[in-house]
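Colleague: I've got a protein–DNA model open and I'd like to learn how to read it. Can you walk me through it?

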There are 2 protein chains.
Amino acid sequence: VMDEDATRLRLRILFGSNAMLGPGKAELLEHIRDTGSITAAGAAMGMSYKRAWSLVETLNATFREPVVVTARGGVKGGGAQLTETGLAVLAHYRRIEDLLREVGADDLAALRALLAE
Amino acid sequence: VMDEDATRLRLRILFGSNAMLGPGKAELLEHIRDTGSITAAGAAMGMSYKRAWSLVETLNATFREPVVVTARGGVKGGGAQLTETGLAVLAHYRRIEDLLREVGADDLAALRALLAE
DNA sequence: TAGGGTTATGTTCCTGAAAACATAACGGAG
DNA sequence: CTCCGTTATGTTTTCAGGAACATAACCCTA
């Protein structure tokens, strides 16, 4: 296999007591944005529709305006897409992730040098 | 109650496939450093000794040199303390956390403005 | 040599989150 | 007016991580 240096940083944003946004929901939002479907987005992540929908529901309840809007029925059965708020939330998450990778590079490298194996 | 704006960033460092270091183990290391005891450190976090010890074991297995060294018996029954490696690992984690807080402040504020309630 | 506080380790029980399974509603197209 | 793919929601089952419980080993001191 490839080198696959799986030593990396993971970011999670906590909102209040229970709501949060981490790598999973972020990736799900991206898939919804790209596919226009909660079903397809979930499938792309090996996740059941119910779970994907549940995550979307949680996100929608977290923000003042919904992050994903959905439609039932119609030509293609329906669909889903990100709102402006959803796009903004996703962008902010990815931005913080990028900044984290940058500023954390040195310390992360130092930690790598201490690893076993 | 106080304002308690619980909107914050959480950092986790992934090493390889299963080993990781997050807020829990970091705090535990700090308590061990400060108390010289796994038992006391665990208690300070409302955690059983077994669990605390298990986390330490995992950490020790993650790095080339142990992060915590222990002693059994003796005047005070024994104890535990951080090694140079342990102190370094902790310092790096806290440093990345601090940097993250700094560089993420703006985007985090923007996200706060989108929250419900 | 007994006591005390700690490390070390095993076993069983609980619980909350995810998976699995099931069903209904929707609405454009043909 | 039926079909299709999707959203929406409920119920049951599974499972892994933690909690709870139990016990042994260690070693300095008094």
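**Reading the DNA side**

Modeller: Sure, and keep in mind that this is a predicted model. Start with which part of the DNA faces the protein: of the strand D atoms within 4 Å of the protein, 69% are sugar or phosphate, and the rest are from bases.

Colleague: Which residues come nearest to DNA strand D?

Modeller: Look for A:Ile38, A:Thr39, A:Tyr49, A:Lys50 and A:Thr70, out of 20 residues around the strand.

Colleague: What does the side chain of A:Thr39 sit beside on DNA strand D?

Modeller: For polar contacts, check N and O pairs within 3.5 Å. An N or O atom in the A:Thr39 side chain is 2.5 Å from a phosphate oxygen of strand D. With A:Lys50, the partner is a base nitrogen, 2.6 Å from a side-chain N or O atom. A:Arg72 has a polar side-chain atom 3.3 Å from a sugar or linking oxygen of strand D.

Colleague: Which helices and strands supply at least two residues each of the surface near DNA strand D?

Modeller: From chain A, helix H2 (38-44), helix H3 (49-62), strand E3 (68-72) and strand E4 (78-82); from chain B, helix H3 (49-62). By class, that surface has six nonpolar, eight polar and six charged residues.

Colleague: And how are chains A and B related?

Modeller: Try laying one copy on the other. A turn of 180 degrees, with a shift of 0.0 Å along the axis, puts chain A on chain B with an RMSD of 0.1 Å. So the two copies are related as by a two-fold rotation axis. Both use the same surface, as 100% of the contact residues of chain A recur in chain B.

Methods
Residues numbered from 1 in each chain as written. Chains lettered and ligands numbered in written order. Predicted model: local features only at pLDDT ≥ 70, side-chain atom pairs only at ≥ 80, totals over all residues. Heavy atoms only, no water. Near = heavy atom within 4 Å. Polar contact = N/O pair within 3.5 Å; in protein donor to acceptor, adjacent residues only side chain to side chain. Helix = DSSP H or I, 4+ residues; strand = E, 2+ residues; numbered from the N terminus. Nonpolar A, V, L, I, M, F, W, Y, C, P; charged D, E, K, R; others polar. Least-squares fit on C-alpha atoms with pLDDT ≥ 70 in both. Contact = heavy atoms within 4.5 Å.
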